[in-house]
Amino acid sequence: MKETTFYHHDVLSMLDFRREDLELLFNYTEEMHKYTNTKLSLLLGKVVSLAFFEPSTRTRLSFEVAAKRLGADVISITGEESLSISKGESLADTIRMLDTYSDLIVIRHRYEGAARYAAEIAEHPVINAGDGKQHHPTQAMIDLYTIKKLFGTIDGLSYGVLGDLRYGRASTSFIYGLTLFKPKKLYLISPESLRVREEVLQVLKERGIVFEEKRSLGEVIGELDVLYVIRIQKERIPDPMEYEKVRGSYKVTLDLLKYAKKELKILHPLPKVDEIDERIDNTPYAAYFIQAKYGVSVRMALLALVLGAEP
Amino acid sequence: MSEEPTLVVSKIRSGTVIDHIPAGKALDIISVLGIAGKEGLRIAILMNVESKKLGKKDIIKIEGRRLSPEDVSAIALIAPTATINIIEDFAVVEKYKVMVPNIVMDVLVCPNPTCISNKKGEAIRTRFRLTSRDPLKLQCEYCGTIISGDEVVRLVIRKR
Ligand SMILES: [Zn+2]
């Protein structure tokens with residue numbers, strides 16, 4: 001069982017995986033669901049480092065709970081500590097230190113490529129929990145698992161990805177993740193200045209995904225099975241004027257949903273700001289709270305696979 | 001090596017001749033090679049001379065200098081048509097066309113300011129993967145940024 005793509009491998013980008021890998025991960029996740037209220041000893045004696053150089057609560061807690069449920073010890077660098085480190089020490093030196101203490105490093109950093117760089121330095125596997133605007137693979141694993149649970153399949157559905165596709169790493173990884181499957185159609189919906197990046201379009205073309213760029217949700221809402229929404233990534237937009245121009249430029253409203261299929265499910269990696277009318281939260285369209293609930297199980301499955309523990 | 005009779009420059013004893021440079025690119029190459037003129041090397045730069053293949057071309061002759069693989073990669077990015085002639089005792093002992101390698105290390109700077117390869121204090125070598133030869137396109141292995149066309153020339157690290 002240890003001979004999986006995950007075993008002792010880094011998790012940096014969705015593009016490093018195949019469909020079979022995700023199917024295996026989803027099977028493991030099913031197993032993990034049974035144990036989300038118990039403490040296992042699968043990773044007893046293992047140490048997981050959480051190196052969050054960028055503020056985060058949701059993802060860090062989710063990884064921490066996942067590691068602890070599996071019986072691992074957790075050490076972490078967060079907020080303040082990362083600040084004092086960033087003053088004097090290079091990222092490389094910090095990674096070398098964590099590598100001597102732990103069996104696996106989870107890293108989040110505001111620089112694109114930080115996780116790949118950390119993986120080149122560390123002997124132990126590195127999991128990317130977000131590098132700038134580039135990748136957030138574990139979020140995409142959760143997103144795809146959620147769709148699998150809701151629809152029984154990921155293939156053959158029509159997808160809309162709405163929002164700041166230029167700076168959004170969760171949306172980028174979700175789009176990359178979809179390329180491992182056979183979506184019927186993919187709509188990329190964003191304001192002009194927040195269009196998806198060239199390298200993402202390149203991957204879609206190379207992999208033969210049927211996709212179209214749109215400027216407004218209203219044009220396509222009636223076709224969609226899944227709508228994936230992300231907030232504007234204010235902290236990554238270099239020019240405050242640019243942010244002001246796009247602020248509030250898209251929103252999912254109850255009015256728009258009148259034209260939607262009744263099976264439509266809306267996903268969002270959270271936290272959300274104002275891009276989804278909060279009255280939608282209590283409708284059957286909202287799948288983002290279910291999605292958030294799956295986070296721990298998917299990460300438990302991933303940690304177990306990477307460290308070679310069988311449920 | 002195709003010496004042009006119209007402009008007389010004495011032959012070099014040993015060193016490197018970079019020929020078939022697209023007209024106007026010689027100074028870019030000099031800059032990329034870090035030649036400031038104070039090194040005491042005998043150098044000839046011929047610009048806009050006639051060429052059968054290119055119409056007009058530039059030529060650089062450098063006495064007493066061999067090129068590193070990084071130098072050759074950098075020249076290939078700026079002047080894809082260039083040929084390198086290694087001269088010993090006034091004779092061409094080796095001649096080859098430059099070629100952009102599939103992985104370009106340490107030659108280009110990433111234009112993305114939040115790419116890890118631009119983070120200060122890290123001993124990190126820039127690394128680009130060639131994704132298309134014609135038109136020329138490369139992709140940063142760290143942040144995924146794609147660069148192409150004239151932008152590539154601007155991003156070659158200048159040693160001077
Ligand atoms: Zn880069």
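Before I begin, one definition: when I speak of strands here, I mean DSSP runs of E with at least two residues, numbered from the N terminus. With that in hand, I can place Cys143(B), which sits in the loop between strand 8 and strand 9 of chain B. Please keep in mind throughout that what we are looking at is a predicted model.

Let me stay with that cysteine for a moment. In the UniProt record, an unreviewed entry, the annotation "binding site" covers Cys110(B), Cys115(B), Cys140(B) and Cys143(B). These four span 34 residues in sequence, and yet no two of their C-alpha atoms are more than 8.9 Å apart, so they gather at one spot.

Is Cys143(B) buried or exposed? Its relative accessibility is 3%, and with the limit for buried set at under 20%, Cys143(B) counts as buried. If we set aside the neighbours within four places in sequence, Cys143(B) is in contact with Glu112(A), Gln134(A) and Glu199(A) on chain A, and with Cys110(B), Asn112(B) and Cys115(B) on chain B.

Cys115(B), for its part, belongs to the loop between strand 6 (103–105) and strand 7 (127–132) of chain B, and at 0% relative accessibility Cys115(B) is also counted as buried. Not counting residues up to four places away in sequence, Cys115(B) touches Tyr111(A) and Glu112(A) from chain A, along with Cys110(B), Cys140(B), Tyr142(B) and Cys143(B) from chain B. Glu112(A) therefore appears in the contacts of Cys143(B) and in those of Cys115(B), with contact meaning heavy atoms within 4.5 Å.

The same record, again an unreviewed entry, carries the annotation "domain: Aspartate carbamoyltransferase regulatory subunit C-terminal" over residues 104–152 of chain B. Across that stretch the chain is 6% helix and 31% strand, and the C-alpha atoms at its two ends are 12 Å apart.

Now to the chain A side, where I would like to take helix 8, residues 198–206, in which Glu199(A), Val200(A), Leu201(A), Val203(A) and Leu204(A) are buried. Glu199(A) is one of the residues that Cys143(B) contacts. What do the buried residues of helix 8 pack against? Within chain A they pack against helix 7 (169–178), strand 6 (185–189) and strand 7 (211–214), and from chain B they meet strand 8 (137–140) and strand 9 (146–148). Just after this helix comes Gly208(A), with a positive phi of about 65°.

Let me step back to the chains as wholes, beginning with chain A, whose secondary structure comes to 12 helices and nine strands. Its radius of gyration is 19 Å, close to the 19 Å that the globule rule gives for 311 residues, so chain A is as compact as a globular protein of that length. Of those 311 residues, 59% count as buried, and among contacts between residues at least 6 apart in sequence, 73% join residues at least 24 apart.

Chain B has three helices and nine strands, which run from the N terminus as β-α-β-β-α-β-β-β-β-β-β-α. A compact globule of 160 residues would have a radius of gyration near 15 Å, and the 17 Å of chain B agrees with that. Buried residues make up 48% of this chain, and its C-alpha trace spans about 50 × 30 × 25 Å along the principal axes.

I will finish with some backbone details. As a reminder, most residues other than glycine have a negative phi, and most peptide bonds are trans. Which bonds are cis here? One joins Leu270(A) and Pro271(A), with omega about 0°, and Pro271(A) is found in the loop between strand 9 (265–267) and helix 11 (288–293) of chain A. Another runs from Asp134(B) to Pro135(B), with omega near 5°, and Pro135(B) lies in the loop between strand 7 and strand 8 of chain B.

As for phi, Asn48(B) has a positive value of about 55° although it is not a glycine; this residue lies in strand 2 (residues 43–51) of chain B and, at 42% relative accessibility, counts as partly exposed. Asp106(B), which is not a glycine either, has a positive phi of about 65°. Asp106(B) lies in the loop between strand 6 and strand 7 of chain B and is partly exposed, with a relative accessible area of 34%.

Conventions: Residues numbered from 1 in each chain as written. Chains lettered and ligands numbered in written order. Predicted model: local features only at pLDDT ≥ 70, side-chain atom pairs only at ≥ 80, totals over all residues. Heavy atoms only, no water. Helix = DSSP H or I, 4+ residues; strand = E, 2+ residues; numbered from the N terminus. Rg over C-alpha atoms; globule rule 2.2 N^0.38 Å. Buried < 20%, exposed > 50% of the residue type's maximum accessible area, 1.4 Å probe, protein only. UniProt positions renumbered as here; feature names shortened; annotations may be inferred.
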